[in-house]
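Q: I would like to go through the terms used for this model. What stands behind each of them?

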Amino acid sequence: MQRIGCVCVVALAVVVSIRRECLAKPLSLVHDGRAEAVIVLAEKPTRAAQFAAFELQWHVKAMTGAELPIYRGESPLAGVRIHVGDGAEARARGLNQESFRPQEYAVQGGHDEILLVGKDLADFDEVTVDPDAWADGARNANWPGLWEERGTLHAVYDFLSDNCGVRWLAPTETGVWILERPTLAVSVRDVRRRPSFRYRDMDFNAFSHDKGISMFEGASSPAKDAGFDAWEALAFQDLHRRYPEAATYRAAKTRWMGLYFLRMRDGGEKSFGCHSMYHYFNLFWRPSPNPEAARHFAGKRPEYFAKGYGGEEPPQLCYTSTGLIDQVVKEGRDYFDHGGYSAEAMLNGSPRGYAWGEDYFAVEPMDNVSFCRCSDCQAFIELGKDHGAGAYKAKGAHSDYFFNFVNEVAKGIGETHPDKRVLALAYGSHSWPPKSIALASNVALQFCFMASGSPFDSLNFENELRLLRAWASDCRTTGRSLSLWTYNMNRQEANIYGNYYAFPDFQGHALAKLMSLYRKLGYDGMFYCGHYLDVDAYLAFRFMDRADSNVDDLLNEYFTIQFGPAARPMHRLYRELESVFVNPRNYPKEKGAPRMVAAWKYLGTAKRMARYEALLKEAEARAATDREKRNVELFELGILAPMRLGRAQYEEREAAALPSIAAPLVPAAAGDLGAVDWSKAVEMGTWRVGGGGREAARKLSGRAAHDGAYLYMELVDPCETRKLYASPMIACYDEWEFCIGSGREGPYHHYLIGPTGMIGARKREDNGVFVPLFDHGLRVVSDTSAPDRWVLRVAFPLKTIIPGGARTGDRIYLNALRVSSPAIGVQTPYSVDSWSPYATVLEMDRAGEILLEKP
């Protein structure tokens, strides 16, 4: 085995599926370590062609030790000519740039020649590539981008994969498979194709992609960071050795990960939609707290914003406001005229340029359903009140309302930019196609398939499949562009919301079926909100390029190459984990069971864990080479080690005592928080890190009392109050949350209170659905006047505090939480602290007990 750059090149005989459908005489590229071919570029090659030539040269050298020379124009040497990119030979065969569709490429063989060419961006700047200096930007400059035409590069990767057996199986150093041999001869199969999906968007951040596809996705706690660091140190052993300084290592790894994304054909035609109008608050409601951004405040325009919220900052805009429509149309026109957003937009830190795509302008509301209460808006909302209502979150309740706004914006932009598209999401309460209006022809649609990563949730999954098909039917009729937001949030929800370890969410066979269905229904692209895990991420890349790939062939090849003699137990381990995760019968029957309980009481049982450990032990014994042993160890560090911790944490959770206090009866205060005798209130005790048993980093405190009519609580957070983030939605930043019920099962009330005293209240029904509580009766005093503490006092009316009410002598059950923004808490995107140990959001089974004492 030898090392080239950061890649293991393996001199082993392994069966790799290389397509050999052409019966032409093999063309010799290298014989006994001597080059017998040359790479030929045009005199003035595109950046994509230059980079493709470097990649071809590097991989052939890694295989054979021979370096194929690269020439521009004509080659003075004899031998097989590999023409890379647009040039005279390509044009002579009719493979000129005008003949290619977007993202199309061709691989063609002939007598002593090979053509590798595709649709390329007409950019001819000089490209530099130096694998020995990944951290040096000057020596690795002007590489092709993900969102530009680079068909020639795809042609080279297709050639390397199909004709030379190269595989890029993982973003790690041991994830590149190049079979070492002194002689390389190829029989070229003619190909002309383009990727199955035009829009392929795997990740926001290439540098952290390896963490995203691991069990540590989204984690930022010290323990989980340490777990990922151990995995990452082994995954990039050589890179760490070559670049010991943090800054140069980050630069080198970023380039390496970017190269992996190019090799996996990520990118294409960008059409990314998301909540697009949060910046209107900083432009037209109040200046940003950021002094630089505050300069762009254009003056208050209350007519743009949702009505009916008193003097509070409204949570939404008014989507029937003609002034707002005119403003969004103006912004869209400016966006297309100037190559992206202007400085004044200050789009929450998004990059300048085409944030959504060169031909797309996203229009999507804030991420909540607290819409405008003006009569015009309510008239539209009334149209959708029964559209998709029921157990599935009223998925069509606001479709007519919001898509009417989208249509008005699209009409205005279409008048000046008829070749551009307004991009809207089908999301949340506007997931169904509208009932009473037809979408404008220049509206592109991105369906948010919330259940795509949860095939085990069969009822919700089937309901969302109906939505998936409904939009496909609309787009078949209209011809509009239709893409996807896919969600795979299982590990993020564990690491961010719950501070526990998830059960591995392997689902390769379910993913294969979905990819085939997307293609069949006419979806032409996708963005991943949350990553598929480990090998499943590799499958997702492969399916985006070739949706008709056979999943079992891909998995067999993956495990054979990565683990050699250990392939059988490792593949078996994967299949057993997969079958447990996707099977609905393995999950708790009760609605809303805590995720941690589902993960480790029902999925990762002690018996199954013993089986998984036995398979890993067998794989460790079978692995023969350093590479195979390293890959087995990576699987252990990245999958099995977090599982062990998750199982142990669950057992600790089950054994941990829950808090119990007796709230004393104090003189009647009639809900007046200033009249309560707080000196008689009982202290609530130690607060814990949400989802865990450790004491919270900040010394949170609370006390409680009641007067027979109200339960009074005082919560104190010793924080820097100037850093508190008051969200117009309350959640998910600085807030206190209270889940209160008559027991640890069944319906309960959920209250949220932010730093300004804004209140959110809802009831969780027996079937798991939440409904608003408008007459909650809470009284709140939120005091943030001190620089170093936030004091919140709350009066809960006993008659409405829980479903059915409570009275003196009753026991009620409380899961109280402090959710903190990154500026206040200890992890991103937010942190959770809880009164009960091993409790997190919406987990009533960990609720503490409060006795409402009698006289």
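A: Two strands pair if DSSP finds at least two bridges between them. Helices (H or I, at least four residues) and strands (E, at least two) are DSSP runs, numbered from the N terminus. The model is predicted: local features need pLDDT of at least 70, side-chain atom pairs count only at pLDDT 80 or more, and totals for chains, interfaces and linings use all residues. Residues are numbered from 1 along each chain as its sequence is written, and side-chain values use heavy atoms, with hydrogens and water left out.

Q: How many helices and strands does the protein chain have?
A: The protein chain has 21 helices and 34 strands.

Q: Why is the protein chain called as compact as a globular protein of its length?
A: The globule rule is 2.2 Å times the number of residues to the power 0.38, and the radius of gyration is taken over C-alpha atoms. For 855 residues the rule gives 29 Å and the protein chain has 30 Å, which is close, so the chain is as compact as a globular protein of that length.

Q: What makes strand E22 and strand E30 edge strands?
A: Each pairs on one side only. The open sheet has five strands in the order E22-E24-E25-E31-E30, with antiparallel pairing.

Q: How do you know that strand E25 and strand E31 pair?
A: Residues 710-717 and residues 790-797 are joined over eight bridges in the antiparallel sense, and the pairing criterion asks for at least two. Leucine 711 stands opposite phenylalanine 796 in E31.

Q: What share of the residues of the protein chain counts as buried?
A: Buried means under 20% relative accessible area (1.4 Å probe, protein chains only); 59% of the 855 residues count as such.

Note on methods: Buried means under 20% relative accessible area, exposed over 50%, partly exposed in between (1.4 Å probe, protein chains only).
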